[in-house]
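Student: I have a new structure in front of me and would like to learn how to read it. Could you take me through its features one at a time?

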Amino acid sequence: VHISYANDINFTVNGTNNGSLNILQDGEDNDIDFDVVNMNNADLDLTQVGDNNAIDIDVDGRISNGSSMSITQTGDNKSYTGSFYCGGSSCSMTVNQ
(Lines give C-alpha, C1' and ligand atoms only; values in the text may rest on other atoms or scores of the structure.)
Protein backbone atom coordinates (compact mmCIF):
# COMPACT_ATOMS: atom_id res chain seq x y z
CA VAL A 1 0.00 0.00 0.00
CA HIS A 2 1.40 3.36 -1.02
CA ILE A 3 0.15 6.37 0.90
CA SER A 4 0.33 9.65 -0.98
CA TYR A 5 -0.36 13.03 0.54
CA ALA A 6 -1.28 16.22 -1.27
CA ASN A 7 2.27 17.48 -0.91
CA ASP A 8 3.90 14.42 -2.56
CA ILE A 9 4.66 14.89 -6.26
CA ASN A 10 5.80 11.90 -8.32
CA PHE A 11 6.06 12.32 -12.08
CA THR A 12 8.03 11.48 -15.21
CA VAL A 13 8.78 13.60 -18.28
CA ASN A 14 9.25 11.19 -21.21
CA GLY A 15 10.33 13.81 -23.72
CA THR A 16 9.95 17.50 -24.36
CA ASN A 17 11.19 20.03 -26.87
CA ASN A 18 11.28 23.72 -25.92
CA GLY A 19 9.21 23.04 -22.81
CA SER A 20 9.24 24.55 -19.36
CA LEU A 21 8.15 23.27 -15.96
CA ASN A 22 7.88 25.29 -12.75
CA ILE A 23 6.95 23.69 -9.43
CA LEU A 24 6.67 25.57 -6.14
CA GLN A 25 5.91 23.65 -2.94
CA ASP A 26 5.37 25.76 0.16
CA GLY A 27 5.04 24.07 3.56
CA GLU A 28 6.55 21.21 5.50
CA ASP A 29 7.24 17.54 4.76
CA ASN A 30 7.07 18.01 0.99
CA ASP A 31 8.47 15.42 -1.41
CA ILE A 32 9.25 15.61 -5.13
CA ASP A 33 10.24 12.44 -7.02
CA PHE A 34 11.04 13.52 -10.57
CA ASP A 35 12.31 11.45 -13.52
CA VAL A 36 13.31 12.87 -16.93
CA VAL A 37 13.93 10.96 -20.17
CA ASN A 38 15.00 13.12 -23.13
CA MET A 39 14.54 16.87 -23.10
CA ASN A 40 15.72 19.42 -25.64
CA ASN A 41 15.88 23.14 -24.88
CA ALA A 42 13.82 22.59 -21.73
CA ASP A 43 13.83 24.76 -18.61
CA LEU A 44 12.94 22.98 -15.37
CA ASP A 45 12.54 24.86 -12.08
CA LEU A 46 11.78 23.05 -8.80
CA THR A 47 11.41 25.12 -5.60
CA GLN A 48 10.57 23.98 -2.07
CA VAL A 49 9.98 26.45 0.77
CA GLY A 50 9.72 25.20 4.35
CA ASP A 51 11.15 22.51 6.61
CA ASN A 52 11.66 18.75 6.17
CA ASN A 53 11.50 18.80 2.36
CA ALA A 54 13.05 16.25 -0.03
CA ILE A 55 13.79 16.15 -3.76
CA ASP A 56 14.91 13.03 -5.67
CA ILE A 57 15.73 13.46 -9.36
CA ASP A 58 16.77 10.92 -11.98
CA VAL A 59 17.76 12.29 -15.38
CA ASP A 60 18.44 9.95 -18.29
CA GLY A 61 19.02 12.58 -20.97
CA ARG A 62 20.01 10.28 -23.80
CA ILE A 63 19.58 12.91 -26.48
CA SER A 64 19.04 15.96 -24.31
CA ASN A 65 20.55 19.17 -25.58
CA GLY A 66 20.52 22.79 -24.40
CA SER A 67 18.42 22.11 -21.30
CA SER A 68 18.71 23.62 -17.84
CA MET A 69 17.44 22.65 -14.41
CA SER A 70 17.26 24.81 -11.30
CA ILE A 71 16.59 23.39 -7.84
CA THR A 72 16.01 25.64 -4.82
CA GLN A 73 15.30 24.53 -1.26
CA THR A 74 14.93 26.82 1.75
CA GLY A 75 14.22 25.95 5.38
CA ASP A 76 15.65 23.36 7.75
CA ASN A 77 16.17 19.59 7.33
CA LYS A 78 16.11 19.55 3.53
CA SER A 79 17.52 16.74 1.41
CA TYR A 80 18.40 16.44 -2.24
CA THR A 81 19.52 13.34 -4.16
CA GLY A 82 19.97 12.75 -7.85
CA SER A 83 21.38 10.72 -10.69
CA PHE A 84 22.20 12.60 -13.89
CA TYR A 85 23.19 11.81 -17.46
CA CYS A 86 23.19 14.35 -20.31
CA GLY A 87 24.03 12.88 -23.71
CA GLY A 88 23.75 16.17 -25.60
CA SER A 89 26.25 18.92 -26.25
CA SER A 90 25.16 21.05 -23.29
CA CYS A 91 23.02 20.75 -20.18
CA SER A 92 23.21 22.77 -16.96
CA MET A 93 21.97 22.40 -13.42
CA THR A 94 21.97 24.79 -10.46
CA VAL A 95 21.21 23.73 -6.88
CA ASN A 96 20.58 26.30 -4.12
CA GLN A 97 20.05 25.13 -0.54
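Tutor: Gladly! We begin with burial: a residue is called buried under 20% relative accessible area, exposed over 50%, and partly exposed in between, using a 1.4 Å probe and protein chains only. Asn 41 has 43% relative accessibility, so this residue counts as partly exposed.

Student: Before we go on, what kind of model is this?

Tutor: This is a predicted model, in which local features need pLDDT of at least 70 and side-chain atom pairs count only at pLDDT 80 or more, while totals for chains, interfaces and linings use all residues. Residues are numbered from 1 along each chain as its sequence is written, and side-chain values use heavy atoms, with hydrogens and water left out.

Student: What is the average pLDDT of the protein?

Tutor: The general idea is that pLDDT gives the predictor's confidence in each residue, from 0 to 100. Here the average is 83, and 88% of the residues score at least 70. Among the elements, strand β6 (residues 43–49) has the highest mean, 90, and strand β5 (residues 39–40) the lowest, 80.

Student: How many helices and strands are there in the protein?

Tutor: Helices (H or I, at least four residues) and strands (E, at least two) are DSSP runs, numbered from the N terminus. This protein has ten strands and zero helices. Its pattern along the sequence therefore contains nothing but β, written β-β-β-β-β-β-β-β-β-β.

Student: What share of the residues count as buried?

Tutor: Of the 97 residues, 30% are buried. Leu 46 is one to look at: it is found in strand β6, and it counts as buried because its relative accessibility is 0%.

Student: Which residues does Leu 46 touch?

Tutor: Contact means heavy atoms within 4.5 Å. Not counting residues up to four places away in sequence, Leu 46 touches Ile 23, Ile 32, Phe 34, Ile 55, Ile 57, Ser 70, Ile 71 and Thr 72. For the protein as a whole, take the contacts between residues at least 6 apart in sequence: 47% of these join residues at least 24 apart.

Student: Where is Ala 42 found?

Tutor: Ala 42 is in the loop between β5 and β6. A loop residue can be buried too: Ala 42 has a relative accessible area of 0%, so it is classed that way. Leaving out residues up to four places away in sequence, it touches Thr 16, Gly 19, Gly 66, Ser 67 and Ser 68. With Gly 66, the separation along the chain is 24 residues, while the C-alpha atoms are 7.2 Å apart.

Student: Is Asn 30 buried or exposed?

Tutor: Asn 30 is buried, because its relative accessible area is 5%. It lies in the loop between β3 (20–26) and β4 (31–37). Setting aside neighbours within four places in sequence, its contacts include Asn 7, Gln 48 and Asn 53.

Student: Which side chain makes a polar contact with the side chain of Asn 40?

Tutor: A polar contact is a pair of N or O atoms within 3.5 Å; within protein, one must be able to donate a hydrogen and the other to accept it, and residues adjacent in sequence count only if both atoms are side-chain atoms. For Asn 40, the partner is the side chain of Asn 17, at 3.1 Å. Asn 40 is found in strand β5, and its 18% relative accessibility is why it counts as buried. Asn 30 gives a second case to view: a polar atom of its side chain lies 3.4 Å from the backbone oxygen of Gly 27.

Student: What is the phi of Asn 77?

Tutor: Asn 77 has a positive phi of about 55°, although it is not a glycine. It sits in the loop between β8 (67–74) and β9 (79–86), and its relative accessible area of 59% is why it counts as exposed. Asn 41 also has a positive phi, near 50°, and is found in the loop between β5 and β6.

Student: Which residues form a nonpolar patch on the surface?

Tutor: Phe 84, Met 93 and Val 95 do, with about 230 Å² of accessible area together. Patches are made of residues with over 30% relative accessible area and no salt bridge (a side-chain nitrogen of Lys or Arg within 4 Å of a carboxyl oxygen of Asp or Glu). Like charges are joined within 9 Å, and nonpolar side chains (Val, Leu, Ile, Met, Phe, Trp, Tyr) within 5 Å. Accessible areas come from the Shrake-Rupley method with a 1.4 Å probe, and for residues only the protein chains shown count as cover. Val 95 is found in strand β10 (residues 91–96) and, at 32% relative accessibility, counts as partly exposed.
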